[in-house]
Amino acid sequence: MRFDVIVIGAGHAGVEAAYAAARLGCSVGLCTMSRDTVAHMPCNPAVGGTAKGHLVREIDALGGLMGRAIDATGIQFKLLNRSRGPAVWSPRAQADKRLYAAWVRAALDREPNVTWHVGKAGRILVEHERVTGLAMEEGEAYRCGALVVTTGTFLNGLMHVGPEQRPAGRHGEPPSRELAESIKSCGFRAGRLKTGTPPRLHKDSIDFERAVAAGLFTEECGDASPIPFSFSTTRALCNQVRCWLLHTNDRVRDLVCANIGRSPLYNGRIQGIGPRYCPSLEDKIMRFPDRERHQIYLEPEGLDVDEIYVNGFSMSLPRDAQEQIVRALPGLEHASMMRPGYAVEYDFVQPTELRSSLETRRVDGLFFAGQINGTSGYEEAAAQGIVAGVNAARKTRGEPAMTLGRDQAYIGILVDDLVTRGCLEPYRMFTSRAEHRLLLRIDNADLRLTPVGRRMGLVDDARWERFEARRGRHARNMHALDATQVRSDRGQRLPVRTLLRQPDVRLERLLERGCVELDLEPATRALDVASLENDVKYAGYVKQEAAHAERLTRDERRRIPDGFPFARVPGLSREIVQRLSEVQPETLGQASRIPGMTPAAVAVLGVFLGRSLSP
Amino acid sequence: MFSTDDSIVAIATPPGRGGIGVVRVSGSSALEIARRLLECRTPLEPRRATYTRARGLASSATAPCGDVLDEVVATYFPAPHSYTGEHVVEISAHGSPVVLEAIVQRAITAGARLARPGEFTLRAFLNGKRDLVQAEAVGDLIAAATPLQARVAFDQLEGTLTARIAAIDAQLFDLIARLEASLDFSDEGYHFVEPAEAARAAACVAGRVSELLCDGRRGRMIREGATVVVAGRTNVGKSSLFNVLAGNERAIVTDVAGTTRDLVTERIDFDGLALTIVDTAGWRETRDVVEREGVERAVRAQEVADLLLLVLDRSEPLTRDDERLLASTNDRARIVVVNKSDCAAATGFSWPNDDGVLVSARTGAGIAALRQAIQRALTGSEALRDTAAISNTRHIALLEEARTRLTSAQRAAETGHTPEEFVLADLQAARECFDEVVGARTPDDLLEHIFSTFCIGK
């Protein structure tokens, strides 16, 4: 049997890849070990957060699944950084993880081009450095035009709970070994990373009301009128659960210190590198001994789910120590642990092996997306999934790859960082990674990317019409701000736009007072008002940023041909030639971002681009 | 672009005769080339000056060693610890152009190639031995006309400027990291930095840039020198003053009004400053075509001057020409020089004592005070301090841009209405200016800084 595109893994990267390729008209074989863990959330039952929320908006603007899935199954919504400027507003939501998985599975079931295959992927079939198919561990083989590998933490996964080690990809699931071998035999440079998850508690064993009354927990509700992730969500979202904030105390610290020798992180049993932005409890206590307390959130994993997720409390101590430490937390004296936290080590492939299309340079038609590329996070995985899915489909048709610029999307930054810099620790998106942050806002994600999604074939007619309507409204409203005059405090008549430039004048107030009439849709009102206000208030900054972006993209337009002989450029040091040959940058701009590159080397490279080099 | 895989040779000292002259050979085969042209029996030891003799090409079988060219001291600097980062041999010979040329020729027959201008420095730059600031400074050092210019260029070569910018940058970087942490980790329950504190920090960094720039104005004067124009109506003694300042009799001095009809310029070392002083035709209404042309040139010279010396003659009452000149140069950098202190002041002459310097170009009285006044006006301080200065227009422009952005960030933070990411947009722009000065695009070590400073992450 033959598919245009085969996708290994149905996690957040795999489902976006399969969905995108299917929407682009390819026949897709989606290969997963179990249909119960499609779009599974093995860690935090939440989507979004700073910069991650941006990624979800962008995936949605391109026509992906994640934004719609979380809007449909989220149970508490919050816009982070609301007190700050619009460029760093980021939506975050608690998910009902069962409903989320079911929603995504159903969405893929509705795609006639997607064929599920439940089984374990074994060997990647390659002929003449070109992918030709996939052999399952069970024996059968499929042929394909392109293959997308999204294996998460399953490649040689090894779970640690205290001294116990168990080969596993996730809690209760076996690792992929044959596939790991197969990938290694292609010659990819691999490394080992580590991630972890906290213990889960039984919700009935915690008396939330009493802890709140005693001042031990602080209740966290969502926003009064939540902002959706998806541009196509029109219904009002509502909050159905609460979360609770509490803090660690001295007893927690003392217990961690007393048991530190039993932590595989601290006794040398774990070799993989963990993420610094998501430190384990052991790391928090040992590396920052001066900090008196740490924040912990208790988050329900769903509406009808007993498990409570202990956010900020990931650890790999033995089970008995975890139980003691959990019960040392104020208000959790009687908590019962449903399962312990654990650490998991897994193989990843240095993403410098990839082109910006996420296709490997070693094997034609082979794409990698998600944690296999060294990233962490559902959103980062999904973002790569949609890029790999679109590009796998385009590959089978001989079309050029879709690449997004650093000034165009966080997704573009994510991919560019991966393929030019590689990974030393699990990669997470931050807004500070964006040099053009003011341009990359959640309110303009559709203006930036929906036309791209439309060109690729991911955006259907209904969605495109809605987009054009929103774009038209924005232009008309902008005009109205110019055309409408109001009387200022000093009695002058001014266009609203001029008045709005003053820092303390807010558009919402002007609308309330009836100073200006705008055409606003109730569903998208909050963001539309924000977009208008931003465009007026910060026009100067945004213009400067855009000019800066334009300056920087000059180097991005200078392409480095495939197989450029870096070794023959005179004046480049051996180390730099080696880095360049490993990363194989596609543009001069990419070359300049490779760690260890000197400005002199970039200048020299620039001189020799487009010249013939003597052998 | 030059090829960089061969060995190059050149005379490293200035052309002409000198006490000693140095020939420098750089490249992978520098040692081999040196071995062929030197007479020493044992190999050159790294970084050790060896007294030996340089020999010419063997002319025949009867003179297998060639003639002795000179007694020399040779020093071998193995890569990468050399000026260029390659193997370098420096041969110090007596400073005769003939001898030095002969050594270079011998090195070429031994396999070296004659270096092109700037090629040693280019190699140093390509091998990472010099950053951009330093590479530019080498050129300045060589082109230095006065000892102070050389000193400033040398400071930059040593990386003093780089170090000063790096220190300022470190402070800015810490502020940026705290603000970025506030944005990316807003739900951590931390206060990374308050707006008022951010404004203070931005102001402090801007202040340090200002200090550097203040030195910079001085630095540019040192590097590029300054133009001082002597102006005044006819026959007030401009040319006499010019001659006193220039220290020689360049301008013709007569009592006939309108003697100086063209510009007379002289380049002098003025207490360390490379000064171009310009004597101009006296300003008066005239029908003489040649003289009128002279007057027009004088006006143009005044327009480009860094400093005007406006000369008045106190032995005569102020004329309408004087008044007109005083009025038209009121907003310019100028020193009013009241000449002829050796004569009694005319009854019709009135000029405030505290504005201007009273001198006598004829007797030299008051000239020392005038020199101090010129120095002060050009450099902002009487004596040139011995510190790192930026002397390159490119650097000054970049630092000025940085200061503008820092001030804008400070104002934005102070109002409290502008969200952090806009403050950061300005701060990041300032930081890029610094990076551009030292030519280094720093890797994204921001998160590194945040994670090592704060315990972050849920």
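In this predicted model, the side chain of A:Arg57 is placed over the face of A:Phe231, 3.9 Å from the ring centre. A second arrangement of this kind occurs in chain B, where B:Arg24 lies over the face of B:Phe120 at 5.3 Å from the ring centre.

Aromatic rings also meet one another. A pair of such rings is conveniently described by the distance of the centres and the angle of the planes. Over all chains, the count comes to 11 aromatic pairs. One of them joins A:Phe208 and A:Phe217: the ring centres are 6.2 Å apart and the planes meet at 55°, so the pair is tilted. Both of these phenylalanines, A:Phe208 and A:Phe217, are buried. The picture widens with A:Trp244, since ring pairs link A:Phe208, A:Phe217 and A:Trp244 into a cluster.

We can turn next to the nonpolar interior. In soluble globular proteins, nonpolar side chains tend to be buried together. Here the largest nonpolar core contains 103 residues, and A:Leu147 and A:Ile183 have the most contacts inside it. Helix H10 of chain A (residues 378-396) supplies the largest share of this core, with 10 residues. Beyond its neighbours within four places in sequence, A:Leu147 touches A:Ile6, A:Ile8, A:Ile124, A:Val131, A:Gly133, A:Leu134, A:Gly365, A:Leu366 and A:Phe367. A second core, separate from the largest one, has 39 residues, and B:Val205, B:Ala409, B:Ala412 and B:Val437 are among them.

Burial can also be followed along individual helices. In helix H3 of chain A (residues 66-73), 6 of the 8 residues are buried, so this helix is largely enclosed by the rest of the structure. The buried positions of H3(A) are A:Met66, A:Gly67, A:Ala69, A:Ile70, A:Asp71 and A:Thr73.

A polar residue in chain B deserves a look as well. B:Ser182 belongs to helix H6 of chain B (residues 160-184). With a relative accessible area of 3%, B:Ser182 falls under the 20% cut-off and is therefore buried. A polar atom of the B:Ser182 side chain lies 2.9 Å from the backbone oxygen of B:Arg178. Leaving aside neighbours within four places in sequence, B:Ser182 is in contact with A:Asn81 and A:Arg84 from chain A, and with B:Phe192, B:Val193 and B:Glu420 from chain B.

Finally, at the level of domains, the assignment for chain A gives domain 1 (200-342), domain 2 (461-542) and domain 3 (558-609). The C-alpha centres of domain 1 and domain 3 of chain A are 46 Å apart.

Methods. Residues are numbered from 1 along each chain as its sequence is written. Chains are lettered from A and ligands numbered from 1 in the order in which they are written. This is a predicted model: local features need pLDDT of at least 70, side-chain atom pairs count only at pLDDT 80 or more; totals for chains, interfaces and linings use all residues. Side-chain values use heavy atoms; hydrogens and water are left out. Domain bounds come from an automatic or database domain assignment. Buried means under 20% relative accessible area, exposed over 50%, partly exposed in between (1.4 Å probe, protein chains only). Helices (H or I, at least four residues) and strands (E, at least two) are DSSP runs, numbered from the N terminus. A polar contact is a pair of N or O atoms within 3.5 Å; within protein, one must be able to donate a hydrogen and the other to accept it, and residues adjacent in sequence count only if both atoms are side-chain atoms. Contact means heavy atoms within 4.5 Å. Rings of Phe, Tyr and Trp (its six-membered ring) pair if their centres lie within 6.5 Å; planes under 30 degrees apart count as stacked, over 60 as edge-to-face and the rest as tilted. A charge sits over a ring if NZ of Lys or CZ of Arg is within 6 Å of the ring centre and within 35 degrees of the ring normal. A nonpolar core is a set of buried Ala, Val, Leu, Ile, Met, Phe, Trp, Tyr and Cys residues joined through side-chain atoms within 4.5 Å.
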